[in-house]
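Me: I am new to this structure and would like a close look at a single part of it. Please choose a stretch, go through it residue by residue where that helps, and say what surrounds it.

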Amino acid sequence: MSCRAWFTDDAQLPPAAPVLAICVGHSRYNDMGAVACDEETNEWTYNLQVAKSIKEELDDAGVPSVIVHEYTGNNYSESMKNLSVELRGLKVDAAIELHFNAATPAAHGSETLYWYKSKKSAKLAKCLQDQVVKTFGVKDRGAKPKTAKSRGAKFLRETHCPAVITEPFFGSNAEDWEMFKDSFDTLGSSLAEGFINYYNNEKTGSQLTQRTQV
Ligand SMILES: [Zn+2]
């Protein structure tokens with residue numbers, strides 16, 4: 001093997017640590033999340049397809065990522081604790097957890113949740129939220145800060161890195177569901193693009209390597 005081959009052959013390079021963890025919400029045993037108004041599709045099944053699509057887009061863009069679609073632990077708190085240890089071990093720079101919303105039939109729109117003290121998470125949430133609204137023209141409920149009392153807060157708070165929860169639509173709303181039900185790939189591309197916007201911005205500020213929660 002020539003020196004040139006040594007330096008240019010990707011197989012010789014150590015594998016890059018994933019930059020983004022794409023976590024599929026409700027990945028704990030016996031928890032599939034809310035069911036959409038087709039009375040069939042649950043959050044976990046829908047979002048596993050979205051996660052695959054995000055990963056493909058990021059692979060194409062040269063941004064390493066990892067999908068987490070199985071959580072260990074007997075309850076929500078335990079699984080979030082285990083997940084935070086796993087994500088720290090993977091040395092990811094950021095994490096997103098995929099969900100969809102469910103409420104009264106009239107509630108609709110997209111929102112993205114972040115821990116209220118984390119400025120980087122707020123930036124990441126805004127990048128993802130803006131991109132989804134731009135792609136789908138869905139009602140903009142905004143990037144929303146969450147505190148310890150909020151549902152899902154442990155994912156936002158216990159992770160070592162910037163972390164957000166995406167709720168791009170209400171599965172319980174007929175119009176939202178119509179818009180998103182077959183759009184795993186479009187949603188995946190949109191979220192990947194939103195993440196790349198955040199990533200490029202952070203890289204320019206050369207802050208992404210610090211790997212500390214801010
Ligand atoms: Zn959920």
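What follows is a look at helix 2, its surroundings and a few residues elsewhere in the chain.

Reply: This is a predicted model, in which local features need pLDDT of at least 70 and side-chain atom pairs count only at pLDDT 80 or more, while totals for chains, interfaces and linings use all residues. Residues are numbered from 1 along each chain as its sequence is written, and side-chain values use heavy atoms, with hydrogens and water left out.

The protein chain holds seven helices and six strands (DSSP runs numbered from the N terminus: helices are H or I with at least four residues, strands E with at least two). Read from the N terminus, their order is α-β-α-β-α-β-β-α-β-α-β-α-α. The chain has 214 residues, and 48% of them count as buried (under 20% relative accessible area; exposed is over 50%, partly exposed in between, with a 1.4 Å probe and protein chains only). Take the contacts (heavy atoms within 4.5 Å) between residues at least 6 apart in sequence: 79% of them join residues at least 24 apart.

Helix 2 covers residues 43-60. With 18 residues at 1.5 Å each, helix 2 should span 26 Å, and its end C-alpha atoms are indeed 26 Å apart (the expected span is 1.5 Å times one less than the number of residues). At the N-terminal end, Asn42 acts as a cap: one of its side-chain oxygens is 3.3 Å from the backbone nitrogen of Trp44. This is a polar contact, a pair of N or O atoms within 3.5 Å; within protein, one atom must be able to donate a hydrogen and the other to accept it, and residues adjacent in sequence count only if both atoms are side-chain atoms. Just past the other end, Gly62 has a positive phi of about 75 degrees.

Glu43 in helix 2 is also part of a metal site. The zinc ion has as its protein donors His26 (NE2), Glu43 (OE), Glu43 (OE) and His99 (ND1), at 2.1 to 2.7 Å. Donors are N, O and S atoms within 2.8 Å of the metal (3.2 Å for Na, K and Ca), and as water is not among the atoms, sites may look incomplete. Along the chain the donors follow H-x16-E-x55-H. Glu43 and His99 are 56 residues apart, and His99 sits in the loop between strand 3 (94-98) and strand 4 (110-115). Glu43 and His99 are both buried. The angles among the four donor atoms run from 52 to 147 degrees, and the site is irregular. Four donors count as tetrahedral if all angles lie between 85 and 135 degrees; four count as square planar and six as octahedral if opposite donors are over 155 degrees apart and all others between 65 and 115; anything else is irregular.

The buried residues of helix 2 are Glu43, Trp44, Tyr46, Asn47, Leu48, Val50, Ala51, Ser53, Ile54 and Leu58. Their cover includes strand 1 (20-24), strand 2 (65-68), strand 3, helix 6 and helix 7 (184-204).

Ser53 belongs to helix 2 and counts as buried because its relative accessibility is 6%. Beyond its neighbours within four places in sequence, Ser53 is in contact with Phe184, Asp185, Gly188 and Ser189. A polar atom of the Ser53 side chain lies 3.4 Å from the backbone oxygen of Asp185.

Strand 2 holds Ser65, which is buried with a relative accessible area of 8%. Apart from neighbours within four places in sequence, Ser65 is in contact with Pro18, Leu20, Ile22, Lys55 and Leu58.

Another buried residue is Asn173, at 3% relative accessibility. Asn173 lies in the loop between strand 6 (163-167) and helix 6 (174-180). Residues up to four places away in sequence aside, Asn173 touches Cys37, Pro105, Ala106, Ala107 and His108. Ala103 is 70 residues from Asn173 in sequence, with 8.1 Å between the two C-alpha atoms. The side chain of Asn173 has a polar atom 2.8 Å from the backbone oxygen of Pro105 and a polar atom 3.2 Å from the backbone nitrogen of Glu175.
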